[in-house]
Amino acid sequence: MKFIKYKLIIGLFLLASCSKELEITTPEFDVTTEFSTYKKGDPVTFKFTGNPQLISVYTGEVGKDYAFKDGRLMDVSDVKLSFNSSVTDEPGTGTKQLGMFSLLVSTDFNGDYSNYSSVQSATWTDITNRLAKQEAATTTAITVATPVGGLDLTDLRVAGKPLYIAFKYNIREQSKYGIWRTWRFQAFQVTGQISSGSQVLGNMTNSAFRVVQKNPEIPSRTTATTAALTLMPADAVAFPETKEMPTESWIITRAFKNVNKIDFGPDLTIPIQGGTSAVEKKDFTYTFTSAGTYKVFFVASNANSEGQQDVVKQLNLTITD
């Protein structure tokens with residue numbers, strides 16, 4: 001019985017010791033500066049007191065702002081599209097086919113690029129007539145196709161829905177409608193205006209263009225790469241029967257989900273100290289490169305596998321020219 005009692009006492013002692021070891025204390029911490037106003041480019045020294053394990057700082061600059069520690073969601077006030085284009089004629093003589101190219105947008109396309117029926121069932125708004133350079137004014141040289149400052153898409157947005165942009169190529173019988181033409185597009189870019197300036201929402205690299213064919217059995221030469229988008233028919237010399245085979249080719253972007261709001265994710269801290277139970281750094285020096293008023297937040301923490309205790313200290317600084 002005594003042995004069992006001793007084991008029980010030792011077990012309770014060890015349990016109490018472990019609980020004590022896992023207990024997290026609120027850190028003692030404070031931070032001060034010699035002045036509240038500094039010139040840009042001059043180092044600011046922050047003096048520390050206390051004993052936290054971890055110290056980090058939000059400087060108050062864009063991307064390092066405590067107010068956005070849980071996420072930075074910003075409204076987009078307007079959306080613009082810009083790209084360059086050129087057009088060339090396919091081999092053959094006679095009237096050139098008109099109405100082959102059109103620019104469209106949709107907010108209800110289901111994102112299924114695997115078949116034409118999904119494209120056909122979506123609602124597409126034709127905005128070709130908004131272009132500065134339309135079909136009648138096209139040339140073989142790559143030139144800006146959109147108005148100065150970009151084509152305005154702001155009114156085409158729907159709250160809570162993505163925006164798709166499509167280049168449609170309508171191919172009809174040459175004997176009836178004339179010789180085909182080929183379009184090429186480069187420098188595709190979608191921008192959104194936010195409070196801090198213009199933000200690129202999509203470009204040639206990240207717009208994930210996909211080609212959709214109405215009749216995939218017809219050997220179309222329409223392609224989409226990060227260098228250029230090409231609306232091109234079948235090779236009528238190699239496949240003369242295609243001259244009288246009407247069809248459609250589409251190049252469609254990914255869903256632009258950021259045309260109403262942009263989620264930049266949480267702002268980040270600058271880590272100063274971590275991993276010890278005593279202050280390693282007694283001060284921290286930082287240089288502000290732009291004039292302004294900054295709310296600087298220091299977060300001091302004690303942490304272990306069971307959790308974390310934080311202390312937040314704020315300093316207001318004015319940085320002058």
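**Exercise 1. Find the strand that holds Pro43, and list the contacts of this residue beyond its sequence neighbours.**

Step 1. Pro43 belongs to strand S3, residues 43-50. Strands here are DSSP runs of E with at least two residues, numbered from the N terminus. A word on the ground rules: residues are numbered from 1 along each chain as its sequence is written. The model is predicted, so local features need pLDDT of at least 70 and side-chain atom pairs count only at pLDDT 80 or more, while totals for chains, interfaces and linings use all residues, and side-chain values use heavy atoms, with hydrogens and water left out.

Step 2. Set aside the neighbours within four places in sequence; Pro43 is then in contact (heavy atoms within 4.5 Å) with Tyr38, Thr285, Tyr286 and Thr287.

Step 3. For a sense of scale, try Ile194: it lies 151 residues from Pro43 in sequence and 31 Å away in space, C-alpha to C-alpha.

**Exercise 2. Work out the strand order of the open five-stranded sheet, and say which strands stand at its edges.**

Step 1. Trace the pairing, where two strands pair if DSSP finds at least two bridges between them. The order reads S2-S22-S21-S4-S19, and the pairing is mixed.

Step 2. Look at the ends: S2 (37-39) and S19 (270-273) each have a single partner strand, so one side of each is left without a neighbour in the sheet.

Step 3. Now the twist. On average, neighbouring strands of this sheet are turned by 35 degrees against each other, direction ignored. The axes behind this value are lines fitted to C-alpha atoms, and angles run from 0 to 180 degrees between N-to-C directions.

Step 4. Zoom in on one pair: S4 (residues 54-58) and S19 run antiparallel and are joined by three bridges. Val57 has Ile270 as its bridge partner in S19.

**Exercise 3. Describe where the partners of three salt bridges sit, and whether they are buried or exposed.**

Step 1. Apply the rule: a side-chain nitrogen of Lys or Arg within 4 Å of a carboxyl oxygen of Asp or Glu. The count comes to 10 salt bridges.

Step 2. Take Asp267 and Arg72, whose side chains meet at 2.5 Å, N to O. Asp267 is in the loop between S18 (261-263) and S19, and Arg72 in the loop between S4 and S5 (73-75), 195 residues apart. Both residues are buried, that is, under 20% relative accessible area, with exposed meaning over 50% and partly exposed in between (1.4 Å probe, protein chains only).

Step 3. Next come Glu90 and Arg221, with their closest N and O atoms 2.8 Å apart. The two are 131 residues apart, Glu90 between S6 (78-89) and S7 (101-106), Arg221 between S14 (210-213) and S15 (223-224). Glu90 counts as buried because its relative accessibility is 11%, whereas Arg221, at 27%, is partly exposed.

Step 4. Finish with Asp155 and Arg130, at 2.9 Å between the closest N and O atoms. Asp155 is exposed at 52%, and Arg130 is partly exposed at 29%. Salt bridges that share partners also join Asp89, Lys96 and Arg181 into one network.

**Exercise 4. Characterise the surroundings of Thr222.**

Step 1. Thr222 sits in the loop between S14 and S15. With a relative accessible area of 8%, Thr222 is buried.

Step 2. The Thr222 side chain reaches the backbone nitrogen of Met232 at 3.1 Å.

Step 3. Beyond four places in sequence, the contacts of Thr222 include Tyr169, Val211, Leu231 and Ile251.

Note on methods: Helix = DSSP H or I, 4+ residues; strand = E, 2+ residues; numbered from the N terminus. Polar contact = N/O pair within 3.5 Å; in protein donor to acceptor, adjacent residues only side chain to side chain.
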